[in-house]
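Hi everyone, thanks for coming. Have a look at the sequence and the model on the screen, and then I'll walk you through a few parts of it.

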Amino acid sequence: MNILSLFDGISCGRVALERAGVKVDNYYASEIDEFAIKVSRFNHDDVQQIGNVLNIDETALPQIDLIMGGSPCQGFSFAGKGLAFEDPRSRLFFEFVDLVDRCKPKYFLLENVRMKKEFLDIITEYLEVEPILINSSLVSAQNRQRYYWTNIPNIGPPEDTCSDMLEDILEPRPSRKYLAGQQLRDNYQGGNQLNPNYKSQANRIHDINKKAPTIMAGSHGYANGYINQDGDIRKLTPIECERLQTLPDNYTDGVSDTQRYKGLGNGWTVDVVAHILRKMQ
């Protein structure tokens, strides 16, 4: 198959195709983030980087069988400002639509965040398929609800086969550099509780006996909160975030931790996408 991956990021789609057993003849990746491209090249010799989605010349490509992508979601996300199509990043959704129209692939797959119904309905109207909401917790130790629009037939959620909780994916002895700062530790009150008067973006301590919350693309992992592991209050490591996205350990090695967290937060839960791609005929 010839694949065109838009907003490719760290090429989670390439991993999903391999895991789904799909033979890839050509994988064309449209991405502009230099660190995401570096991670992709570190892992995949066959990914062909073709640059900015705004500059793609489809006449230079062979017939594309599958267009896939997760267009930037900052304007749609409940966690963001909710600007939707007024946000120039979220308007890139229309580039996805345009390329589907120009390339006329047999299949397409678009992923995006949970959003207001009015935005959801606009995307659905343009793609002419109903989305399916899938929680990554079905295949991983992470709660991550995402919508998937696709014309691949007979798609439903995967079976709930994953009993892993956050505790099950933790590294046993991570570097001390992941420890919380002294101020946060001073405000720790035991269990999952912080001093209620302590205000911080990182004022979450997660229960390791439950599924992890959705990992985010915030710098240094602070946006992902903290855990209490054997009395140490620390943030999740990049390897632990890779495991939550069902990627191989050290997949994002070769760039800074800041860029690893960013790429992983922007990426896909691989096993969810592989589940969808297996349905292609």
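Let's start with one residue: in which helix is the place of S40? S40 sits in helix α2. And keep in mind as we go that this is a predicted model.

Next up, is S40 buried or exposed? S40 has a relative accessibility of 1%, and anything under 20% is called buried, so S40 counts as buried. Who are the neighbours, then? Leaving out residues up to four places away in sequence, S40 touches D8, G9, I10 and S11, plus V47 and Q49.

Okay, let's zoom out to the whole chain. The protein chain has 8 helices and 10 strands. Its radius of gyration is 19 Å, close to the 19 Å that the globule rule gives for 281 residues, so the chain is as compact as a globular protein of that length. If you draw a box around the C-alpha atoms along the principal axes, you get roughly 60 × 40 × 35 Å.

How much of the chain is buried? Of the 281 residues, 53% are buried. On the outside, the chain exposes about 13300 Å², and carbon and sulfur atoms supply 44% of that. Now take the contacts between residues at least 6 apart in sequence: 65% of them join residues at least 24 apart. As for charges, there are 31 positive and 38 negative ones, and their mean positions are 4 Å apart.

Now for some strands. Find β7, residues 145-150. This strand is mostly covered, with 5 of its 6 residues buried. Which strands does β7 pair with? One partner is β5, residues 107-113, which runs antiparallel to β7 and is joined to it by 5 bridges. If you want to spot that pairing on the screen, look for N112, whose bridge partner in β7 is Y147. Another partner is β6, residues 132-135, also antiparallel to β7, this time with 4 bridges. There, I134 has R146 of β7 as its bridge partner.

While you're looking at strands, here's a handy rule: in a regular strand, the side chains alternate between the two faces of the sheet.

Let's stay close to that topic and go to helix α8, residues 270-277. Here 7 of the 8 residues are buried, so α8 is largely enclosed by the rest of the structure. The buried ones are V270, V272, V273, A274, H275, I276 and L277. And what covers them? The cover includes α1, β4, β5, β6 and β7, so to speak our strands from a moment ago.

There's another sheet to find. It is an open sheet of 3 strands, in the order β8-β9-β10, with mixed pairing. Its edge strands are β8 and β10, each of which pairs on one side only. Which way do β8 and β9 pair, parallel or antiparallel? They pair in the parallel sense, over 2 bridges. In that pair, H206 stands opposite I227 of β9.

Last stop is helix α7, residues 257-265. Its buried residues are Q259, R260, Y261, G263, L264 and G265. They pack against α2, β10 and α6. That brings us back to where we began, since α2 is the helix that holds S40.

Methods:
Residues numbered from 1 in each chain as written. Predicted model: local features only at pLDDT ≥ 70, side-chain atom pairs only at ≥ 80, totals over all residues. Heavy atoms only, no water. Buried < 20%, exposed > 50% of the residue type's maximum accessible area, 1.4 Å probe, protein only. Pairing = 2+ DSSP bridges. Rg over C-alpha atoms; globule rule 2.2 N^0.38 Å. Contact = heavy atoms within 4.5 Å. Areas by Shrake-Rupley, 256 points an atom, 1.4 Å probe, with all protein chains shown as cover. Lys, Arg positive; Asp, Glu negative; His and termini not counted. Charge placed at Lys NZ, Arg CZ, Asp CG, Glu CD.
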